[in-house]
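Here's a quick briefing to read alongside the protein model. Keep the 3D view open and follow along as we go from one part to the next.

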Amino acid sequence: MTMTTAHEIHTPDFLSGHEVKIPTYRVLSQDGSQIEGAEGPNLDRDKARRIYQAMIGTRVLDERMMSAQRQGRLSFYMQCTGEEAAVIGAAAALDDADMIMAQYREQGALLYRGFSIDEFMNQLFGNDLDYGKGRQMPIHYGSRKLHYMTISSPLATQIPQAAGYAYGQKLAGDGLCTLVFFGEGAASEGDFHAGLNMAAVHEAPVIFFCRNNGYAISTPSSEQYAGDGIAPRAFGYGMHVIRVDGNDLLAVYRATQDARRIAVEQNKPVLIEAMTYRLAAHSSSDDPSGYRSKKEEEIWREKDPVLRFRTWLTAQGWWSDDEEKSLQESLRREVLETLKRAEKRPPPPLESLVTDVYAEVTPALQGQLEELTAHIRRYPDAYPKGARLLGLGDDATRDDSQGGI
Ligand SMILES: Cc1ncc(C[n+]2csc(CCOP(=O)(O)OP(=O)(O)O)c2C)c(N)n1
């Protein structure tokens with residue numbers, strides 16, 4: 001058995017932890033130029049463009065879908081706005097076959113991996129093509145093909161799951177790892193501590209990626225912890241850690257690349273804390289004007305990660321204003337066209353409400369389905385979508401109930 005040994009002291013000196021302040025790794029300055037002497041990644045033209053296109057794609061999708069929610073066409077939405085560099089930079093530094101376990105604000109990672117706008121829309125509208133068969137609220141995406149675990153609303157549950165999944169990857173010996181995203185608010189959950197400790201003790205190849213965006217809905221991060229953010233917690237678990245400017249694409253990319261190497265080559269978990277800001281509301285059900293100032297938002301808008309990376313990309317000669325214009329236009333068109341297509345599709349079949357729970361549908365569930373069918377037949381006007389499925393009308397009116405997670 002090994003025991004931790006420390007050198008002895010003979011005076012009762014307490015340590016507060018404040019002796020160590022973790023620095024922030026940064027490569028790109030505010031104006032998009034590379035900081036002199038800063039060690040960045042080797043990013044080639046094609047990869048840099050793929051990253052930028054995903055950043056713009058995420059922004060356009062977010063703007064359009066938030067408007068669709070305001071028009072009453074969609075029940076709920078969450079934006080990634082302001083955090084595109086953190087999310088897409090991290091995803092881009094992985095092998096595309098590595099597992100990503102996200103919280104809910106990381107649609108940029110999925111878009112980067114090739115999830116189509118159609119696939120996004122089918123989930124958002126919970127139609128018959130949605131992989132989740134309409135059983136989840138909007139934004140609970142998932143893709144087996146793209147190694148992106150389906151989102152679940154209870155905060156931080158993905159963190160211990162990632163430790164377990166990565167341990168399985170280590171046993172399989174396929175040289176892959178898991179990256180798990182979470183907010184600084186989720187890091188207050190017990191699951192955060194359980195997950196980190198389990199990964200460290202069992203030497204699982206997992207990257208714990210904290211998006212410290214300043215708020216957990218209306219709770220500012222200053223009310224979330226008493227220490228120096230999330231990063232120093234790694235020491236308690238004997239884990240490598242880096243804090244990075246989350247609005248700096250190059251820094252996030254390089255830090256995650258290096259973290260991946262430690263995770264896969266040494267079978268050691270790593271913690272990354274990306275300092276960023278949630279520029280939009282928490283969700284379509286939130287109004288941030290009640291808990292933060294316009295001035296504060298303005299300061300962060302000037303640190304826009306998309307603009308910063310675009311300036312760098314343009315300086316490399318890898319992007320132009322014309323390309324920007326045509327990409328924005330074609331994305332807007334694609335989002336609107338797919339939105340119209342997806343909202344017109346029927347919901348998943350009624351029977352799918354009782355399948356996928358047991359191998360065979362139990363008599364009790366079968367009975368409930370029959371009761372529901374009879375109820376809809378009796379009140380077709382109250383259940384336009386159900387009535388449509390039973391062939392009692394073709395009204396595709398949407399249920400616009402508000403929700404929140
Ligand atoms: C266990 C649990 N508690 C509370 C909630 C409600 N809730 C949803 S999101 C959220 C804030 C999370 O903040 P953070 O982890 O910082 O992520 P961010 O939304 O800032 O990206 C809360 C409290 C929940 N979904 N699950």
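**Helix 4 and its surroundings**

Right after helix 4 comes Gly126, with a positive phi near 55 degrees. Keep in mind that this is a predicted model. Let's start with that helix, then look at two unusual loop residues, one strand, the ligand and finally the whole chain.

- Helix 4 is largely enclosed by the rest of the structure, because 8 of its 9 residues are buried.
- Want to find them? The buried residues of helix 4 are Ile117, Glu119, Phe120, Met121, Asn122, Gln123, Leu124 and Phe125.
- Helix 1 (45-70) and helix 11 (321-344) are among the elements that cover these buried residues of helix 4.
- A handy bit of background for looking at any such element: an α-helix has 3.6 residues a turn, so residues three or four places apart point the same way.

**Two loop residues with positive phi**

- His147 isn't a glycine, yet its phi is positive, near 55 degrees.
- You'll find His147 in the loop between helix 4 (117-125) and strand 3 (148-149).
- Why does His147 count as partly exposed? It has 17 C-beta neighbours inside 10 Å, and being buried takes 20 or more, while being exposed takes 12 or fewer.
- Ala156 also has a positive phi without being glycine, and here the value is near 75 degrees.
- Ala156 sits in the loop between strand 3 and helix 5 (158-172).
- Ala156 counts as buried because it has 22 C-beta neighbours inside 10 Å.

**Strand 9 and its partners**

- How many residues of strand 9 (residues 270-275) are buried? The count is 6 of its 6, so to speak a strand that is mostly covered.
- In a regular strand the side chains alternate between the two faces of the sheet.
- In strand 9, Val270, Ile272 and Ala274 point one way, while Leu271, Glu273 and Met275 point the other way, and all are buried.
- Strand 5 (residues 206-212) pairs with strand 9 in the parallel sense, over 6 bridges.
- To see a spot where strand 9 pairs up, look at Ile207, whose bridge partner there is Val270.
- Strand 8 (residues 240-245) is also a parallel partner of strand 9, again with 6 bridges.
- Met275 in strand 9 stands opposite Asp245.

**Around the ligand**

- Which residues of the shell are closest to the ligand? Of the 17 residues that surround the ligand, the closest are Leu155, Gly183, Gly185, Ala186 and Ala216.
- Strand 4 (178-183) and strand 6 (215-216) are the elements that give two or more residues to this shell.
- Sorted by type, the shell around the ligand has 8 nonpolar, 5 polar and 4 charged residues.

**The whole chain**

- Zooming out, the protein chain has 13 helices and 9 strands.
- The domain assignment splits off domain 1 (24-344) and domain 2 (350-389).
- The centres of domain 1 and domain 2 are 37 Å apart, taken over C-alpha atoms.
- Along the principal axes, the C-alpha atoms fill a box of roughly 80 × 60 × 45 Å.
- The radius of gyration of the protein chain is 23 Å, which agrees with the value near 22 Å for a compact globule with 405 residues.
- Of those 405 residues, 40% count as buried.
- Take the contacts between residues at least 6 apart in sequence: 73% of them join residues at least 24 apart.

Technical notes
Residues are numbered from 1 along each chain as its sequence is written. This is a predicted model: local features need pLDDT of at least 70, side-chain atom pairs count only at pLDDT 80 or more; totals for chains, interfaces and linings use all residues. Domain bounds come from an automatic or database domain assignment. A residue is near a molecule or strand if its C-beta atom, placed from the backbone, lies within 6 Å of it. Helices (H or I, at least four residues) and strands (E, at least two) are DSSP runs, numbered from the N terminus. Ala, Val, Leu, Ile, Met, Phe, Trp, Tyr, Cys and Pro count as nonpolar, Asp, Glu, Lys and Arg as charged, and the others, Gly among them, as polar. The radius of gyration is taken over C-alpha atoms; the globule rule is 2.2 Å times the number of residues to the power 0.38. Two residues are in contact if their C-beta atoms, placed from the backbone, lie within 7 Å. Two strands pair if DSSP finds at least two bridges between them.
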